[in-house]
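The exercises below lead a newcomer through a protein fold one part at a time. Try each task with the structure in view, and then read the solution that follows it.

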Amino acid sequence: MYSEKVMDHFANPRNVGEIENANAVGEVGNAKCGDIMKMYMDIEDNVIKDVKFKTFGCGAAIATSSMATEMVKGKTVEEALALTNKAVMEALDGLPKEKIHCSVLAEEAIHSAINDYRQRNGQEPLGNQCDGCCDKCSANHDE
């Protein structure tokens with residue numbers, strides 16, 4: 001059912017925890033399934049120097065959170081904003097159809113943290129940010 005990579009990131013998640021004094025924090029959740037992801041970032045000179053997560057949810061939610069943090073660590077804010085749920089799924093060698101929403105939440109958590117960073121630094125918030133609270137938003141993602 002799950003790929004070896006999904007199982008590895010679930011059993012041995014990378015970047016778990018909280019960054020004290022993080023300058024970017026985002027939280028998203030999906031009331032439908034109960035998954036909640038919180039991302040913490042330390043961004044310096046437009047580069048994500050460190051990223052950590054706390055996720056309450058299923059194994060796929062933990063694996064996608066772990067993989068997403070690995071994919072944006074060391075990247076610029078713009079590169080991280082380009083991360084899609086499809087890229088997270090591909091990096092994990094796929095997810096079952098009923099778990100695709102977990103990759104959507106990982107993408108949204110990254111975007112939410114970056115939006116928080118932008119607001120803290122006097123920049124306009126990113127438009128059309130989804131908080132994962134309804135099926136309408138998730139239906140617009142590359143699932």
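**Exercise 1. Work out how the strands of the sheet are joined and in what order they lie.**

Solution. Begin with S1 and S2, which run antiparallel and are joined by seven bridges. One of the pairs to look for is alanine 24, whose bridge partner in S2 is methionine 41. Keep in mind while checking such pairs that this is a predicted model.

Next, follow S2, which covers residues 35-44, to S3: these two strands also run antiparallel, and nine bridges join them. Along this pairing, methionine 37 stands opposite threonine 55 in S3, and aspartate 42 stands opposite aspartate 50 in S3. The two strands form a hairpin with two residues between them, and in the turn aspartate 45 has a positive phi of about 50 degrees.

Now put the pairings together: the result is an open sheet of three strands in the order S1-S2-S3, with antiparallel pairing. Strand S1 (24-30) and strand S3 (47-56) are the edge strands, since each of them pairs on one side only. From one strand to the next, the twist averages 15 degrees.

**Exercise 2. Place the sheet within the whole chain, and find which helices pack on it.**

Solution. First list the elements: the protein has six helices and three strands, and from the N terminus on they run α-β-β-β-α-α-α-α-α.

Then turn to the strands again, where nine bridges join S2 to S3. Helix H2 (residues 59-72) packs on the sheet and touches S2 and S3, its direction making about 175 degrees with that of S3. Helix H5 (residues 100-120) packs on the sheet as well, but touches S1 and S2, and its direction makes about 145 degrees with that of S1.

**Exercise 3. Decide whether H2 and H5 are roughly parallel, roughly perpendicular or oblique to each other, and name the residues through which they meet.**

Solution. Start from the geometry: H2 and H5 pack at an angle of about 40 degrees, and their axes are 8 Å apart. Angles under 35 degrees count as roughly parallel and those from 65 to 115 as roughly perpendicular, and the two helices are therefore oblique to each other. In this arrangement, H2 passes H5 in a right-handed crossing.

Last, look at the contact itself, where Ala60, Ala61, Thr64, Ser65, Ala68 and Val72 in H2 meet Cys102, Ser103, Ala106 and Ile110 in H5.

**Exercise 4. Do the same for H1 and H2, and then ask what covers H2.**

Solution. Helix H1 (residues 4-11) and H2 pack at an angle of about 90 degrees, with their axes 8 Å apart. That angle makes H1 roughly perpendicular to H2. On the H1 side the residues are Val6, His9 and Phe10, which meet Gly59, Ile62, Ala63, Ser66, Met67 and Glu70 in H2.

To see how far H2 is covered, count its buried residues: eleven of its 14 residues are buried, so H2 is largely enclosed by the rest of the structure. Among them are Ile62, Met67 and Val72. The cover over the buried residues of H2 includes H1, S2, S3, helix H3 (77-81), helix H4 (85-91) and H5. For the protein as a whole, buried residues make up 48% of the 143 residues.

**Exercise 5. Check the length of H5 against the length expected of a helix, and describe how covered H5 is.**

Solution. At 1.5 Å a residue, the 21 residues of H5 should span 30 Å, and its end C-alpha atoms are 31 Å apart, which agrees. As to its surroundings, H5 is mostly covered, with 18 of its 21 residues buried. After the helix comes glycine 122, whose phi is positive, near 70 degrees.

**Exercise 6. Locate glycine 94 and say whether it is buried, partly exposed or exposed.**

Solution. Glycine 94 is found in the loop between H4 and H5. Residues count as buried under 20% relative accessible area and as exposed over 50%, so glycine 94, at 28% relative accessibility, counts as partly exposed.

Then look for what lies around this glycine: leaving aside its neighbours within four places in sequence, glycine 94 is in contact with Ser3, Val6 and Met89. The C-alpha atoms of glycine 94 and lysine 5 are separated by 9.0 Å, although the two residues are 89 residues apart along the chain.

Conventions
Residues are numbered from 1 along each chain as its sequence is written. This is a predicted model: local features need pLDDT of at least 70, side-chain atom pairs count only at pLDDT 80 or more; totals for chains, interfaces and linings use all residues. Side-chain values use heavy atoms; hydrogens and water are left out. Two strands pair if DSSP finds at least two bridges between them. Helices (H or I, at least four residues) and strands (E, at least two) are DSSP runs, numbered from the N terminus. Axes are lines fitted to C-alpha atoms, for helices over the stretch in contact, and angles run from 0 to 180 degrees between N-to-C directions. Contact means heavy atoms within 4.5 Å. The expected span of a helix is 1.5 Å times one less than its number of residues. Buried means under 20% relative accessible area, exposed over 50%, partly exposed in between (1.4 Å probe, protein chains only). Angles under 35 degrees count as roughly parallel, over 145 as roughly antiparallel, 65 to 115 as roughly perpendicular and the rest as oblique. A crossing is left-handed if the near helix is turned anticlockwise from the far one by less than a right angle, and right-handed if clockwise.
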